[in-house]
Amino acid sequence: MSVHTERSSSPSRDKLCLALDLTDRAALLDIVDELKDLVGWFKINSAFTLFGPELVRELLARDVRVFLDLKLHDIPNTLAGYGTAVTELGAHLVTVHTSGGVDMMRSLVTSADEAAAQLNKPRPTFVGVTILTSTDQTGLNQELNVPGTVEEEVARRAGLAKEAGLDGIVCAPVELATARKVLPDAAFLVTPGTRSPGVSGNDHRRVGTHANAIADGSSLLVIGRQVLHSEDRRTTVAQIVEEIEEARA
Ligand SMILES: O=c1ccn([C@@H]2O[C@H](COP(=O)(O)O)[C@@H](O)[C@H]2O)c(=O)[nH]1
């Protein structure tokens, strides 16, 4: 089995993913061109709905890594189809909801492994979304009717991801230490919900700083609005790079 693992020469670039939550195709590609020397990964959701696989190919042609944030959640047979499709497309990283269960997640991985062997190319890295960073303790217990603490539930779902053969998980920065205890050392831990000190966490309910997330073992910081809404995107990214470098020192 081969999985996308290639690394660039800049460690901080490898740790940074820009969430391209915008639907203007030209503006989106301009931002990628503006920042791709500093940012190694670019994530698409709504833009994929609008512009589809062609957009993924356009990003891949720019020699950046593509995070296709599909947050898959369906029956195992349907997930098998996705496993083949995302491998054929060449996405580097794909999300699936752990709440769909082990059989569902395993079906994605198995079909992607088969497609990768057939096509002689790596399959995407698969990470399981544990609890969305917009969910807090009250939301988990009262609205979703899930007992226990958020941290316990993240650990439980990380265990399901491991059992299903996923490569890692998505969690809030505050759960990294717990997740690292449940998962193998090589697990790929993706953390949205990080910000520079003093910057608004927006709709995230479980947030942390970029520096703390790196120090606690995040594999990839996913950052959108702090960069997209800033007056000078390059300066903002350069400042985040500094925070990452300091945390790694
Ligand atoms: O639990 C999750 C899972 C995914 N996300 C995604 O991360 C980015 C965060 O964007 P910001 O603008 O930096 O808040 C966004 O694309 C989400 O879809 C998440 O936030 N939480």
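## The largest pocket and its surroundings

The largest pocket has a lining of 26 residues, and those nearest its centre are Lys43, Lys71, Thr133, Pro192 and His204. Before we look further, please keep in mind that this is a predicted model. The space in this pocket comes to about 520 Å³. Sorted by class, its lining holds eleven nonpolar, eight polar and seven charged residues.

Which elements each supply at least two residues of the lining of the largest pocket? They are strand 3 (65-72), strand 10 (220-223) and helix 10 (225-228). Strand 3 gives the most, with three residues.

### Annotated sites in the pocket

The UniProt record helps to put names on parts of this lining. Under "active site", an unreviewed entry in UniProt lists Asp69, Lys71 and Asp74. Of these residues, Asp69 and Lys71 are included in the lining of the largest pocket. Asp69 sits in strand 3, the strand that contributes most to that lining. Lys71 also appears among the residues that lie nearest the pocket centre.

For the feature "binding site", again from an unreviewed entry, UniProt gives Asp21, Lys43, Thr133, Arg195, Gly224 and Arg225. Which of these residues does the lining of the largest pocket include? It includes Asp21, Lys43, Thr133, Arg195, Gly224 and Arg225. Lys43 belongs to strand 2 (residues 41-44), and both Lys43 and Thr133 are listed with the residues nearest the centre of the pocket.

The record also offers a wider frame. UniProt lists residues 15-240 for "domain: Orotidine 5'-phosphate decarboxylase", in an unreviewed entry. Helix makes up 47% of that span and strand 18%. The C-alpha atoms at the two ends of residues 15-240 are 11 Å apart.

### An enclosed space

Besides the pocket, there is a cavity to visit. Rolling a probe the size of a water molecule over the atoms shows where empty space is left. In this structure there is one cavity of 30 Å³ or more. The largest cavity has a volume of about 40 Å³, and its lining consists of Leu16, Cys17, Leu18, Val39, Ile223, Val227 and Val237. Strand 1 (residues 16-19) provides the largest share of that lining, three residues. How many nonpolar, polar and charged residues does the cavity lining have? The lining has seven nonpolar, no polar and no charged residues.

### Helix 2 and its partners

Two packed helices are described by the angle between their axes and the distance between the axes. Helix 2 (residues 25-35) can be followed through two such pairings, set out here.

| Helix pair | Angle between axes | Axis distance | Handedness of crossing |
|---|---|---|---|
| Helix 2 and helix 3 (residues 46-61) | about 40° | 11 Å | right-handed |
| Helix 2 and helix 11 (residues 233-248) | roughly 50° | within 10 Å | right-handed |

Let us take the pairs in turn. Helix 2 packs against helix 3 at an angle of about 40°, which means that helix 2 is oblique to helix 3. For helix 2 and helix 11, the axes cross at roughly 50°, so helix 2 is oblique to helix 11.

### Bringing it together

For a tour of the model, a good starting point is Lys43, a residue of strand 2 that carries a "binding site" annotation in the unreviewed UniProt entry. From there, one can move to Asp69 in strand 3, which the unreviewed entry lists under "active site". A last stop is the cavity of about 40 Å³, where Val39 and Ile223 are among the lining residues.

Methods
Residues numbered from 1 in each chain as written. Predicted model: local features only at pLDDT ≥ 70, side-chain atom pairs only at ≥ 80, totals over all residues. Heavy atoms only, no water. UniProt positions renumbered as here; feature names shortened; annotations may be inferred. Helix = DSSP H or I, 4+ residues; strand = E, 2+ residues; numbered from the N terminus. 1 Å grid on protein atoms, 1.4 Å probe; cavity = no way out; pocket = protein on both sides within 12 Å on 5 of 7 lines; lining within 4 Å. Points joined across faces, edges and corners; volume = space filled by probe spheres on them. Nonpolar A, V, L, I, M, F, W, Y, C, P; charged D, E, K, R; others polar. Axes fitted to C-alpha atoms, helices over the stretch in contact; angles between N-to-C directions. Parallel < 35°, antiparallel > 145°, perpendicular 65-115°, else oblique. Left-handed = near helix turned anticlockwise from the far one by under 90°.
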